[in-house]
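Visitor: Please show me the model, and then take my questions on helix packing and internal space.

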Amino acid sequence: MAVASLLGLIVLGLAWELWLAPVRPGGTLLALKVLPLCIPLTGLLKNRMYTYRWLSLLIWLYFTEGVVRAWGDRAPSNYLAMLEVVLCVVLFVACALHVRLRLQHAKLAAQLDPPAATVHP
């Protein structure tokens with residue numbers, strides 16, 4: 001779910017700023033806003049806990065942009081901004097659930113298989 005929503009945000013950001021509703025006709029450099037979203041993609045695919053954690057914080061910048069543009073832009077840009085907000089919420093929930101479940105599984109595994117006692121000479 002996290003990878004799908006992240007890819008959705010990348011595609012939406014490019015399509016929005018280049019073709020669907022660019023600020024200026026022909027596209028703008030605002031399409032570069034998706035570059036930071038490409039960085040965590042490999043970490044998500046490799047199932048890295050650290051990536052899920054910091055991505056859940058980074059995504060709030062895009063959420064804020066979506067809320068501001070949904071409130072202030074005209075159609076169709078405001079509808080694309082609403083979609084951005086939904087994708088951000090889905091991504092945040094997916095990251096939070098992933099971290100929570102991984103921590104629960106680690107705690108359960110530690111309870112079932114306690115480390116062997118070390119003997120010091």
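Guide: The questions below concern a predicted model.

Visitor: How are α1 and α2 oriented to each other, roughly parallel or roughly antiparallel?

Guide: Helix α1 covers residues 2-20 and helix α2 covers residues 35-45. Their axes lie 10 Å apart and form an angle of about 160°. Angles over 145 degrees count as roughly antiparallel, so α1 and α2 are roughly antiparallel.

Visitor: Which hand does the crossing of α1 and α2 have, left or right?

Guide: The angle of about 160° between α1 and α2 does not state the hand by itself, so the hand is given separately. For α1 and α2 the crossing is left-handed.

Visitor: What classes of residue make the contact of α1 with α2?

Guide: From α1 come Ala 2, Val 3, Leu 6, Leu 7, Leu 9 and Ile 10. From α2 come Leu 37, Cys 38, Pro 40, Leu 41, Leu 44 and Leu 45. The contact has no polar and no charged residues, which leaves the class count at 12 nonpolar.

Visitor: How much space lies in the largest cavity?

Guide: The search covered the whole structure with a threshold of 30 Å³ or more, and found 1 cavity. The space in the largest cavity is about 40 Å³.

Visitor: Which element gives the most to the lining of the largest cavity?

Guide: The lining consists of Leu 9, Leu 12, Gly 13, Lys 33, Val 34, Leu 37, Tyr 62 and Glu 84. By class these are 5 nonpolar, 1 polar and 2 charged. With 3 residues, the element that gives the most is α1.

Note on methods. Residues are numbered from 1 along each chain as its sequence is written. This is a predicted model: local features need pLDDT of at least 70, side-chain atom pairs count only at pLDDT 80 or more; totals for chains, interfaces and linings use all residues. Side-chain values use heavy atoms; hydrogens and water are left out. Axes are lines fitted to C-alpha atoms, for helices over the stretch in contact, and angles run from 0 to 180 degrees between N-to-C directions. Helices (H or I, at least four residues) and strands (E, at least two) are DSSP runs, numbered from the N terminus. Angles under 35 degrees count as roughly parallel, over 145 as roughly antiparallel, 65 to 115 as roughly perpendicular and the rest as oblique. Contact means heavy atoms within 4.5 Å. On a 1 Å grid over the protein atoms alone, a cavity is a set of points where a 1.4 Å probe fits but cannot get out, and a pocket is an open set with protein on both sides within 12 Å along at least five of seven lines; lining residues have an atom within 4 Å of a point. Grid points are joined across faces, edges and corners, and a volume is the space filled by probe spheres set on the points.
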